[in-house]
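Hi,

Here's the structure I said I'd pass along. Have a look at it first, and then read on for what turned up.

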Amino acid sequence: MSPITTHVLDVARGKPASNVSVRLDKVIGDRLEKMAEGKTNSDGRIIDWWKTDSLSPGLFQLRFETASYFESIGCERYFYPEVIIRFDVSDPTAHYHVPLLISPFGYSTYRGS
């Protein structure tokens, strides 16, 4: 399993959000270094997109392409065309699970397990 994983749930529909494009970057100063990208599976998860033996401490960013997802399910109006979550990796031996709960007009996140 990747040291950083994510899960997207569409809380307006009460279902996992499948086929959402997600990019993982490491934030280095004012630039982004791409670490991985992929799409959520039928359960709304990305778990094996990036294999590494070591995770370096620092700031990371997940970018979710929510516009494409909402359009694919026939949602004509939405407020957030993308969601960007930045988080700090302080313990390089830990697992970081970053879930995203979305609806057409709001989102929330938390550190999962």
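Below are my notes on the sheet, the core, the aromatic rings and the charged pairs.

One thing to keep in mind is that this is a predicted model.

Let's start with the sheet. Four strands make an open sheet in the order β4-β3-β6-β7, paired antiparallel. Since β4 (31–39) and β7 sit at the edges with a single partner strand each, one side of each has no neighbour in the sheet. From one strand to the next, the twist averages 20 degrees. If you zoom in on β6 and β7, you'll find seven bridges between them, in the antiparallel sense. For a landmark there, L59 is opposite D88 in β7.

Next, the core. The largest nonpolar core has 26 residues, and the ones touching the most other members are L24, F64 and F87. Two or more residues each come from β1 (4–10), β3 (21–28), β6 (58–64), α1 (66–72), β7 (83–89) and β8 (96–103). As background, nonpolar side chains in soluble globular proteins tend to be buried together. F64 is a good residue to click on: beyond its neighbours within four places in sequence, its contacts include T6, V8, V22, I85 and L100.

On to the rings. There are five aromatic pairs in the whole structure. One of them joins F79 and Y80 edge-to-face, at 5.0 Å centre to centre with 85 degrees between the planes. F79 is exposed at 56% relative accessible area, while Y80 is partly exposed at 29%. Separately, Y69, F70 and Y78 make up one aromatic cluster.

Last, the charges. The search over the whole structure gives five salt bridges. R23 and D25 form one of these, at 2.7 Å from N to O. What's the burial state of each partner, buried or partly exposed? D25 is buried, with just 1% relative accessible area, under the 20% cut-off, whereas R23 comes out as partly exposed at 29%.

R63 is the other one to look at. Its side chain meets E65 in a salt bridge at 2.1 Å, N to O, and R63 also bridges to E82, with the closest N and O atoms 2.4 Å apart. That second pair links distant parts of the chain, as R63 is in strand β6 and E82 is in the loop between α1 and β7, 19 residues apart. Together, R63, E65 and E82 are linked in a salt-bridge network. Each member is partly exposed: R63 at 29%, E65 at 23% and E82 at 30%.

Cheers

Technical notes. Residues numbered from 1 in each chain as written. Predicted model: local features only at pLDDT ≥ 70, side-chain atom pairs only at ≥ 80, totals over all residues. Heavy atoms only, no water. Core = buried A, V, L, I, M, F, W, Y, C linked by side-chain atoms within 4.5 Å. Buried < 20%, exposed > 50% of the residue type's maximum accessible area, 1.4 Å probe, protein only. Contact = heavy atoms within 4.5 Å. Phe/Tyr/Trp six-rings, centres within 6.5 Å; stacked < 30°, edge-to-face > 60°. Pairing = 2+ DSSP bridges. Axes fitted to C-alpha atoms, helices over the stretch in contact; angles between N-to-C directions. Salt bridge = Lys/Arg side-chain N within 4 Å of Asp/Glu carboxyl O.
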